[in-house]
Amino acid sequence: MKVTDILHRCFRCGYCKFPSNYEDFNCPSYVTYRFETFSPGGRMWVIREWLDGRLETSNRFKEILYSCATCSNCVNHCAFPDFRDMLLDVFRYAKEKLIDEGDVPPPVRDYLTNLYKFKNGFGIPQKKRFEWAEEVEDYDSKKHNYLLYVGDEACFDPVANNMARSTVELFKKINVPFGILTTREISDGLEAYNLGETELFKEIAKRLLEIFKEVEAKKIVTISPHSLYVFKKIYPAFFDMDFEFYHYTHVIRENLSRLTNSKIFKKISYHDPCYLGRYLKDYTTVRDILSFFCKDFLELSRNKKNSLCCGGGGGNFYTALTQKNLENSAKKRIVEALELGVDCLIVSCPICLVMLNDAKKTLGLDDKIEVMDVSEFILKYV
Amino acid sequence: MMQELIQGLKDIVGGEYVSTHLEDRFFYSRDGGTMESFEPDVVVLPQDSNQVSKILSLANKNKVPVYCMGAGLTLSGLHRAISGGILIDMKRMDKIIEVNERSRYVVVEAGISQGKLQAYLKKNYPHLKHSMPDAPPAATIGGNVAIHGSGHLSFLGGFHSDMVTGLEVVLADGRIIRTGSCSVSNYWFAKAPLPDLSGLFLGWFATTGIITKVGLKLYPAHPLSDVRVLICEDPKIMEEIIFKVTDLNIAEDIITWMTPKPDWARGFLHCNVIYGAKTKDELIFKRDLLFEQVRDLIDKKVTGFLPLLPFMKKRFLDVPGKDLVRFADVRKGGGFEYVGAMIPTNLFSDAYKLGLDIAQKHKVAYSLGSRIIGNSHSMMFFYAYAFNRADLADVKNAQNALYETNKKVIDIGGIPWKAEIPAQKEILKKMDKNTKGLIFELKKLLDPNHIMSPGNLEE
Ligand SMILES: Cc1cc2nc3c(=O)[nH]c(=O)nc-3n(C[C@H](O)[C@H](O)[C@H](O)COP(=O)(O)OP(=O)(O)OC[C@H]3O[C@@H](n4cnc5c(N)ncnc54)[C@H](O)[C@@H]3O)c2cc1C
Ligand code: SF4
Ligand code: SF4
C-alpha cells in the first residue's frame, strides 16, 4: 500500500488523539496548539489538500508537519487497524517533499545544517563531544563486551549529560566492560530521517555503521531509546548489518545482582519514553529495575502504550515547536506526577529528562519533585 | 473591519488561539460526512465563559456570524460556517466543575469530551456514570446535548437532553444566563420546577446561544454487565421482541442492528440487550428473566439468542463501541454519514423496510439499526451509508441516498435528528405553521442581528 492510498481514508474521528481510556488528549502537538489541524487526523486532511494542490506550502503548513513529535500515540490508537501503522509514513512522506522543495521552518533548517556540518544537531565541534568522558576508555573489541553509543543529546546537553555520566559511573561500579567511540562517535541520524531528510540520514547511518564495523563492535548499548530504535528498526531497512543492540537499562537489569537490594523509601513513578515503549514495546525492563529497589512504585495512569509524550521527539527537542505555547505535554506530565503524589519521576531517555526538567523549572516546581534517569536514581539512592 | 475584529479576538483569547490560516479554515469548513465545505473567516478557541461572552459581544456589535463546534462529529455538517464569520471551537473549555455524588449529577464545561468525563468518573466515582453516545470519545458534552443525543443509558434516562439538569448559556449579545435550579440555587439538581428555559437551547443548532456549562444526570455504574443478542428474520417479530424486552425493564441499553456484513449477519435482525448488576447472582437472574420474557417466541422458533464468543461480547459491551466508526472504511474511503431518525417504536418495520429499499435503489453500502429511547417511547433509527471520499460520484450517491431517506422518514411519521440543512428545511416544511412562527420569533428575540449560526433552522 502506498502512503497516498490511505490519505483519504482518515475519518477525522479523533480516536488517535487519546490514550486507551480517553482521559485526556495524548497527542503532544495537539496539546500545545489545540487547533484540529495539529492533531493526527488534521494532518492527514491538510496533507491531502496540499498534495492535491488545493493548499499551498505555508509557514502554518510547515509548522503543522514539523510539530509532530513522532510519539506514535496515533499509530497505537487510530480506530482503523488496516492503515494506522502507516500514519507516520504519511507525515514523513510530506516532510520529504518539503525537504525536496527546500522549504522547511528555520529551526528545522538550522538543525539539519548543524547535522550536516558538525555530525551532531547541536552545531558543536565533534572534538568537544567527549570532553566530559576523558576517563572513559576507547572501545576495544578484545577487552570490552559493549560499545556504549552515547548519542548527541547525552553528550552535548548539560542536563542529559548527567545521564551519560551516571551510566558510565554505574557501569563501572557493576563492572560492565565497555568502551566508547572517543574520537569517532557521530549522530545516529534518526532526526534527519524523522524530519524527512532521508539522504542525509542515509549518509550518516552509512558512516556510523562503517565505524561500528571498523572497531569490530558486536554488542552496542545506547543511552537514548531513539538511538536504539533507529539502529534496530530503521538502519536494517537500508543496510545489511549484524550487531546486537541494547538499551543501557537492559545492561543494568542484567547486572542487578551486583547491586545491593536496599529498599528505597521514596515514592516514585516512571515516565515511559515513546521510543522504548510504544516503538519497541519494552515496558518491563525499567519497571523490573525500579521494583527491585523501591517499595512505593506508583504508575501514572497514562503509562506504557498510553504514555503522554514529553514533546521532544521528531526533532522537536531542537526546534521547540511543541513548546511554542504556554500549555504543553511536558508540563502536563509534571502536574500528573505531582498529583499522583510521587517525589521522583524516573525517565530512561535523555530527551525526556531535559524536557521534563525544563517543564518542572518553568512551573516553579523544582523543590517539589525530582526528575532523573534510572542510573542517576540508582547512584543517588542505592 | 475584519482586521479589527481579529485583533479583538486575539485580545480576548490570546493570539495563539485565533487562526485565519487557510489550513485551519479548510479543516473546520466541513466534517467527515458528505456536506460541502463552508469556510469560516477565523477560528477561535476560548477557554472560559467570559471569553465566549466577550467574543459574542464583539461579533454582535460588528454583526459578524458566529458558529460553534464541539468535535464536529455529527457528520451532518452542522458547525459549518454557511455565512463565513467566526467559528468557535469549544474544546479548550473542558473542566469538570463539580460532581454531586448523592444527587447524582455532574457540572462540566460544555467543550469537555465524552471520553474525559467517562475516564474521570471511572477513576474518581467508579459507582457513577453518565450516558455515553457511541460517537467517538472526542464528541463534546455540549455538542451532544445540544442536538438531543442519545447513548448507553438512554433506555433508562431518555435523550441526553432529558438528562440535562441545568445550563449556562451565552446569548448573542454576550449576556450569560442560567437555566434550571442553578439560576436560583447553588445546586444544579433539576430543570423543574421553573419555567424550562433549557428548551430554548436544546435542538436549536446554536442559533439561540452557546452553551458553556452543562449540569448532567449521573446513574449508578454497576460493577458487572452482560449483553444478550436476540435474532430474528422478520421485522414484525423484532417489533414484538422490542415490546417484550422493554416491558421487562431490566436493560440499560437496547440496540437493534442489521448489516449485510459480516456474512453471517446478513438477512438477520439483531437486538442487543445490555444490562448491569451488582452481583453475579443478579446478573444470572436478569439473564433468566430475559429468557422467560421471550420464551414463547423462542418456542415458536421465530427468535433465538445468538451464541456469543468472548471477543464479541467485549465488542458489544465496549463504551463507546467502535463498530460504527469502522463502518467508515468499508469502501476503503474514509467516510460515512447517517440519517438518525427519531421514530415512534411502533414504526420499526416501516423504518427498516425504508432503509433496505433505499440502500438497494442507490446501491450504497449500508448499515441499519436503532437505539430504543426512554422505555420505548421512541427510537433513534439510523441509516448509515458508507462512501469512498476519493470517488466524488460515490460521495454524491451517498448524499442522494441520505436526502431521500430524510424525506421518506418524514413521510412515515418520523423526524430526522441532527438534520443536515436540506433536511432542516424539509422538517420546517412539514411543521405546524404556528409552531414554526413561534420558533422564528424566538430566534429573532434572542438574536436580533441574526449572527447565530445563520443558515440553520431557516426556510
Ligand atoms: C461513529 C459515530 C457514532 C455516533 N453515535 C452516536 C450516538 O450513539 N449517540 C449520539 O447522540 N450521537 C452519535 N453520533 C453523532 C455525534 O457524533 C454526536 O452526537 C456528538 O456528541 C456530537 O457532539 P460534537 O461535539 O461532535 O458536536 P458538533 O458536531 O460539534 O456540534 C453539533 C451541533 O451542536 C452545536 N453545538 C456544539 N457545541 C455547542 C455548544 N456548546 N452550545 C451550543 N451549540 C453547540 C453545533 O453548532 C452543531 O449544530 C455518532 C457519530 C459518529 C461519527
Ligand atoms: S488518524 Fe485514524 S483515528 Fe485519527 S482521525 Fe484519522 S481515522 Fe480517526
Ligand atoms: S505521532 Fe504523536 S505528535 Fe505526531 S501526530 Fe501522532 S500523536 Fe500527534
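Which residues are buried in helix 3 of chain A? In this predicted model, the buried residues of that helix are A:Arg60, A:Phe61, A:Lys62, A:Glu63, A:Ile64, A:Leu65 and A:Tyr66, so that seven of the eight residues of helix 3 are buried and the helix is mostly covered. A student following the chain in the viewer can find this helix at residues 59–66, and it offers a useful starting point for looking at how chain A meets its partner.

The meeting of the two chains can be described first by contact and then by area. On one side, 40 residues of chain A are in contact, and on the other side they touch 48 residues of chain B. Between them, chain A and chain B bury about 3700 Å², and 63% of this area lies on carbon and sulfur atoms. Within chain A, the residues that lose the most area to chain B are A:Phe11, A:Arg12 and A:Phe35, which together account for 20% of what that side buries.

Polar and charged groups also take part in this interface. The rule finds five salt bridges across the interface of chain A and chain B, and one of them joins A:Arg9 to B:Asp329, with the closest N and O atoms 2.7 Å apart. Counting residue pairs in polar contact, with both residues at pLDDT 80 or more, gives 13 between the two chains. Helix 1 (28–33), helix 2 and helix 3 (59–66) of chain A are the elements that give two or more residues to the side of chain A that touches chain B, and of these helix 2 gives the most, with six residues. When the residues on this side of chain A are divided by class, 19 are nonpolar, eight are polar and 13 are charged.

Helix 2 appears again when we turn to the ligands. Around ligand 3 there are 13 residues, of which A:Cys27, A:Arg43, A:Cys68, A:Cys71 and A:Cys74 come nearest. At least two residues of this shell are supplied by each of helix 2 (40–51), helix 4 (73–77) and helix 5 (87–101) of chain A, and by class the shell consists of nine nonpolar residues, three polar residues and one charged residue.

The shell around ligand 2 is also built from chain A, and its members include the run A:Cys10, A:Phe11, A:Arg12, A:Cys13, A:Gly14, A:Tyr15 and A:Cys16. Further along the chain, A:Gly41, A:Cys78, A:Ala79, A:Phe80 and A:Leu87 belong to the shell around ligand 2 as well. Nine of the residues in this shell are nonpolar, two are polar and one is charged. Two of the residues listed here, A:Phe11 and A:Arg12, have already been met among those of chain A that lose the most area to chain B.

For ligand 1, the residues to look for are in chain B. There are 34 residues around ligand 1, and those that come nearest are B:Cys68, B:Gly70, B:Asp134, B:Thr140 and B:Ser150. The backbone takes part here too, for a polar backbone atom of B:Gly72 is 2.8 Å from an oxygen atom of ligand 1, and a backbone N or O atom of B:Leu73 also lies 2.8 Å from an oxygen atom of this ligand. At B:Thr74, a polar backbone atom is 3.4 Å from an oxygen atom of ligand 1.

Elsewhere in chain B, helix 13 (residues 421–430) has the buried residues B:Ile421, B:Ala423, B:Gln424, B:Glu426, B:Ile427 and B:Leu428. Among the elements that cover these residues are helix 12 (392–412), strand 19 (415–417) and helix 14 (433–446) of chain B.

Finally, some details of the backbone deserve a careful look. The peptide bond that joins B:Ala192 and B:Pro193 is cis, with omega about 5°, and B:Pro193 is found in the loop between strand 9 (176–180) and strand 10 (210–217) of chain B. Another cis peptide bond runs from B:Val319 to B:Pro320, with omega near 0°, and B:Pro320 has its place in the loop between helix 9 (310–317) and helix 10 (323–326) of chain B. Among residues other than glycine, B:Asn249 has a positive phi near 65°, and this residue sits in the loop between helix 7 (235–248) and strand 13 (253–258) of chain B. Because its relative accessible area is 44%, B:Asn249 counts as partly exposed.

How values were computed
Residues numbered from 1 in each chain as written. Chains lettered and ligands numbered in written order. Predicted model: local features only at pLDDT ≥ 70, side-chain atom pairs only at ≥ 80, totals over all residues. Heavy atoms only, no water. Near = heavy atom within 4 Å. Helix = DSSP H or I, 4+ residues; strand = E, 2+ residues; numbered from the N terminus. Nonpolar A, V, L, I, M, F, W, Y, C, P; charged D, E, K, R; others polar. Contact = heavy atoms within 4.5 Å. Buried area = accessible area lost by both parts, 1.4 Å probe. Salt bridge = Lys/Arg side-chain N within 4 Å of Asp/Glu carboxyl O. Polar contact = N/O pair within 3.5 Å; in protein donor to acceptor, adjacent residues only side chain to side chain. Buried < 20%, exposed > 50% of the residue type's maximum accessible area, 1.4 Å probe, protein only.
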